Amino acid sequence: MFVADIKRVVEQVSRDKGIDREVLISALEEALKSAARKKFGSKIDIEVQYSDETGEIEVFQFKDVVEEVEDPTVEVTLEEGRELDAECEIGDSLGTKMDTSTFGRIAAQSAKQVIIQKMKDAEKDAVYANFIDRKGEIINGIVQRMDRGDIIVNLGHTEGALPVREQVPREGYRRGDRIRAYIMDVLHESRGPQIILSRAHPEFLVLLFKTEVPEISEGIVSIMGAAREPGVRAKIAVSSNNSDIDPVGACVGMKGSRVQNVVQELRGEKIDIIPWHVDAAKYVCNALAPAEISRVIIDETNRAMEVIVPDEFLSIAIGKRGQNVRLASRLTGWHLDVQSETKYNETMRSGYESIVALPGVGVSLADALYEKGFFSTEEISIASIDDLMQVRDMTEETAQELIDAARQAILEAEAQAEAEAEAAAQAENEVAEDEQDAVTSEDSDMTDEMEAEAEAEAAAQAETEVAEDEQDAVTSEDSDMTVEMEAETDNLEENEEPVTAEAETGENAATSAAPPADDDEAVEGDDAPR
């Protein structure tokens, strides 16, 4: 066999990959069948058997014993068959052991590909079987890489994906960071099992409290519900089956140690722990804490509640950007409408006045309707005759008249509202047109101003050019005068030189014309200059 110790390899791969040993043996047998068919053709009849004792895989080729051979790959004559088995007869099937070393390189490569593919499929099935039972648990992993915003987490034998939608905002991770997440789903796809993780799921918060609070894991304290806005705020409702144990205090811990561990894991997410109550109204009041509740009006049919709070607690009950009432609604499962007492009283007063305004309705009848829960004409218009018959001194005829009058009043109110809306829209259009005209007028004024400024700039530029031309003319005249003065100076110098020459000539003539003096005088005259 081309593998020295098949048994040892099978056991080692089974331990390392978590694949069943029988699956690996089946993959090897299939690979050898594929290699034999690659070498001898697809018609060949072979069987592969694994010997657990020797740790060897044997390949046998079977041929049918016939009188006349038509296909040598699957048939053999009786004489040839009796050489292998002396007792064989026509119709028997004889098997001979094949030498796998003769399969060749191409057949071995085919067997290798089959083994690799079978091992991949077996590994995918093993991972899926391992994690499908862990769905809904918390798992630890290491950040492997980022893939288009998704975080790929190394979970040991496989990888999990933390999608962008399941990440907590403002949380950042780098490669190699440790991360805890909730196994939200395990998908069995063709490319392999895909484990979907989440850190934004409400169950992640519940499991973190189960880890930190022993009373929850022991079953003494139960978490009845949880609602989250990941990274910002969360609410959980807890109850206890032991009257001596406070469920809220058990979750908070000594000096807040237990809840602080959860907050640190969630990177500073604020957590409100409220006591659960079997009464839905009290449960909603607890969920809206710390706001005080004046009254609660319950609509069982639509599963909605109208919560009335004092004016000073309205902002607290609603919360920042409606966060508190939104989380309370998710936690309790009721649609909540929070109103202030002032607005509620105004609504009730306007509803009472609308009932009194109906034809044939006096104060006493309006009070009777008010007592039975009919607070406005809208409620009367959608009521049935049987509902109105519960009002004292009410007849079917009066009830029908009230319903018709209420519906007519609503139609008139809607028509009036539409007319007012059209008038308001028309007024807004007129205001917009006036503003547009004003803008157009301003634009035209600005255009005129810009044109005037442009003309002024052009005039100033023209004046500047004229001044420059005048300056150039003055400079030209000055240069001409300078040239003329230089020419006159040259003429004067030329005229002075002949005059000087004539003066020298006159002096010489006068000297030559003077009479000669005596010798003594001449001598004296000669000595004098010396």
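Select E215 to begin, in what is a predicted model, and colour by accessibility: this residue has a relative accessible area of 18% and therefore counts as buried, the limit being under 20%. Now add R258 to the selection, since the side chains of R258 and E215 meet in a salt bridge, with N and O 3.0 Å apart. The two residues sit in distant parts of the chain, 43 residues from each other, with E215 in helix α6 (residues 214–218) and R258 in helix α8 (residues 257–265).

Next, move to E229 and R326, whose side chains form a salt bridge with an N to O distance of 2.6 Å. Showing the backbone here places E229 in strand β10 (residues 221–229) and R326 in helix α11 (residues 323–332), so that this pair links parts of the chain 97 residues apart. E229 is buried at 13% relative accessible area, whereas R326, at 32%, is partly exposed.

For the third stop, select R233 together with D272, where the closest N and O atoms of the salt bridge are 2.9 Å apart. R233 belongs to strand β11 (residues 233–240) and D272 to strand β12 (residues 270–275), and 39 residues separate these distant parts of the chain. Which of the two partners is buried, and which partly exposed? D272 is buried, with a relative accessible area of 17%, while R233 is partly exposed at 23%.

Finally, select E171, R199 and E265 as one group, because these residues are linked in a network of salt bridges. To survey the remainder, display every salt bridge in the structure, which holds eleven.

Note on methods
Residues are numbered from 1 along each chain as its sequence is written. This is a predicted model: local features need pLDDT of at least 70, side-chain atom pairs count only at pLDDT 80 or more; totals for chains, interfaces and linings use all residues. Side-chain values use heavy atoms; hydrogens and water are left out. A salt bridge is a side-chain nitrogen of Lys or Arg within 4 Å of a carboxyl oxygen of Asp or Glu. Helices (H or I, at least four residues) and strands (E, at least two) are DSSP runs, numbered from the N terminus. Buried means under 20% relative accessible area, exposed over 50%, partly exposed in between (1.4 Å probe, protein chains only).
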